[in-house]
Amino acid sequence: MAPFRPILIALIAAWSVSAQASHEIAFTEAQMQRLGIATGKVVAGSQVQTDSLPARVVIPPGQERVVSAPQGGLVSGLHAAKEEAVAAGDLLAEIHSPELVRMQRDFLQAYSARELAWAARDRDKQLFEEGIIPERRYQEASSRFQQAQANLEAQRQALQIAGMAQADIARLEQTQQLSGHLQVRAPMDGVVVDKPASVGQRLKQAEPLYRVARLDPLWLEIRMPVDRLQGVKKGAPVSVPCASGKAHVALVGRTAAAENQTVTVRARISGGEDCLRPGQFVETRLEVGAGTARFRVPTVAVVRNQGKQWVFVRAAQGFLPVAVTVHGQRGADAVVGGPLRAGQEIAVSGLAAIKGAWSGYGGGE
């Protein structure tokens, strides 16, 4: 550099005068050769993707159900193993519950009370119609029947919440036989993703037996640095390491994690259940150029000045500084947006000389 220093100083003085006139940083071909200034092409980047980003495959919350013990008791049987596919209505577990026996007894007592109240109401109705009793007595009998009916329905609802099917409750009405045997069935089609209970275990009411989930579609939760969010939009394609799966951005988070300044970007995956599994960590890329102009330029062609990022575009008499926004990197290229055109020439070496001349005009970093 020492032999070129006097030439560089003289050139900077001349460039300053020229730049003040037109913002163009003037260079002759001879000067460019002496200073090692070379140019490269701006490449269209409509399919530009971000760098590889970590992501985790998760189950959407609406597709997951916890199957818990409807009543406390002893687990006498478990009929599905972890990772096993189940269909809605499949028998999952059997529980022997003393509490269920007490509830059935209360139901039968309410059932008997309702039958007695019903008979009393019909008898008083007949007596009233024959003029033997006053209307008030018939109305009191009707009120007692309605109360008994409401109590019976409350007991019926309690048995349903406890896990008894309508057919089992009807059978209880007919046979009057109590049973503490409770069957727990799958609430939907899915896969058993967790089985915290074991046979012989005593469970309290609402303690979990199984966790069942539907695995299509799945979500990708991507942690993306805040400073690279620009250009990431809902609907943007997301690459996934699975030939049968496709993913698109469904949500861009509004808050950033304080510890690492990343934002959650959520993508919805369709297909891919054969090669993507909940909990799996994968590497993915987002297409940030959807619907907007994006370009690829060599990373070395981007310089910073006064808090902005610039490239030097070849002009008739030299170079024009053009502000750009860097959206990410891919290999040796930067993904940028700005007033560029594909095929334009930009400076890719000798940047120090150009920036020095520009600083003489506007002050550089």
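Among contacts between residues at least 6 apart in sequence, 74% join residues at least 24 apart. The model is predicted. The chain has 365 residues, and buried ones make up 39% of them. It holds 6 helices and 23 strands.

## The barrel

Six strands form a closed barrel. Their order is β4-β13-β16-β15-β14-β17, and the pairing is antiparallel. From one strand to the next, the twist averages 45°. In general, strands of a sheet pair through backbone hydrogen bonds, in either a parallel or an antiparallel sense.

The table lists pairs of barrel strands, with the bridges that join them.

| Strand pair | Sense | Bridges |
|---|---|---|
| β4 (residues 53–58) and β13 (residues 218–225) | antiparallel | 4 bridges |
| β13 and β16 (residues 262–270) | antiparallel | 8 bridges |
| β15 (residues 246–256) and β16 | antiparallel | 7 bridges |
| β14 (residues 237–239) and β17 | antiparallel | 2 bridges |
| β4 and β17 | antiparallel | 4 bridges |

Single residues show how these strands meet. Start with β4. V57 has L220 in β13 as its bridge partner. A55 stands opposite V282 in β17.

Next comes β16. T264 in this strand stands opposite R223. S270, also in β16, is the bridge partner of K246. The hairpin of β15 and β16 has 5 residues between the strands. In that hairpin, Q261 takes a positive phi near 55°.

Strand β17 spans residues 281–286 and has two faces. V282, T284 and L286 make up the covered face. F281, E283 and R285 make up the uncovered one. V282 of the covered face is the residue that A55 stands opposite. L286, from the covered face too, stands opposite V238.

## The open sheet

A second sheet is open and has 4 strands. The order here is β5-β12-β10-β7, again with antiparallel pairing. β5 and β7 (85–86) stand at the edges, each with a single partner strand, so one side of each has no neighbour in the sheet.

What does β7 pair with? Strand β10 (residues 190–194) joins β7 over 2 bridges, in the antiparallel sense. Within β10, G190 is the bridge partner of V86.

## A80, a loop residue

A80 is found in the loop between β6 (73–78) and β7. Is A80 buried or exposed? Its relative accessibility is 7%, and buried means under 20%, so A80 counts as buried.

Which residues does A80 touch, leaving aside its neighbours within four places in sequence? The contacts are V86, L92, V192, K195 and Y210. V86 is the residue whose bridge partner in β10 is G190. V192 is 112 residues from A80 in sequence. In space, the two are 7.5 Å apart, C-alpha to C-alpha.

## Two pockets

The largest pocket holds about 570 Å³ of space. Its lining has 24 residues. G163, M164, D168, L182 and Q183 are the closest of these to its centre. Four elements give two or more residues to the lining: β5 (64–68), α3 (98–129), α5 (166–175) and β9 (181–185). The largest share, 5 residues, comes from β9. β5 is also an edge strand of the open sheet. By type, the lining divides into 12 nonpolar, 8 polar and 4 charged residues.

How much space lies in the second largest pocket? The volume is about 190 Å³. Its lining consists of I59, K82, E83, V191, V193, L215, R277 and P278. These divide into 5 nonpolar and 3 charged residues, with no polar ones. V191 and V193 belong to the lining, and β10 covers residues 190–194.

## Putting it together

The picture has several parts. A closed barrel of 6 strands runs from β4 to β17, and β4 and β17 are themselves joined by 4 bridges. An open sheet of 4 strands accompanies the barrel in this chain. The largest pocket draws on helices α3 and α5 as well as strands β5 and β9. The second largest pocket is lined by residues that include K82, E83 and R277.

Conventions. Residues are numbered from 1 along each chain as its sequence is written. This is a predicted model: local features need pLDDT of at least 70, side-chain atom pairs count only at pLDDT 80 or more; totals for chains, interfaces and linings use all residues. Side-chain values use heavy atoms; hydrogens and water are left out. Two strands pair if DSSP finds at least two bridges between them. Axes are lines fitted to C-alpha atoms, for helices over the stretch in contact, and angles run from 0 to 180 degrees between N-to-C directions. On a 1 Å grid over the protein atoms alone, a cavity is a set of points where a 1.4 Å probe fits but cannot get out, and a pocket is an open set with protein on both sides within 12 Å along at least five of seven lines; lining residues have an atom within 4 Å of a point. Grid points are joined across faces, edges and corners, and a volume is the space filled by probe spheres set on the points. Ala, Val, Leu, Ile, Met, Phe, Trp, Tyr, Cys and Pro count as nonpolar, Asp, Glu, Lys and Arg as charged, and the others, Gly among them, as polar. Buried means under 20% relative accessible area, exposed over 50%, partly exposed in between (1.4 Å probe, protein chains only). Contact means heavy atoms within 4.5 Å.
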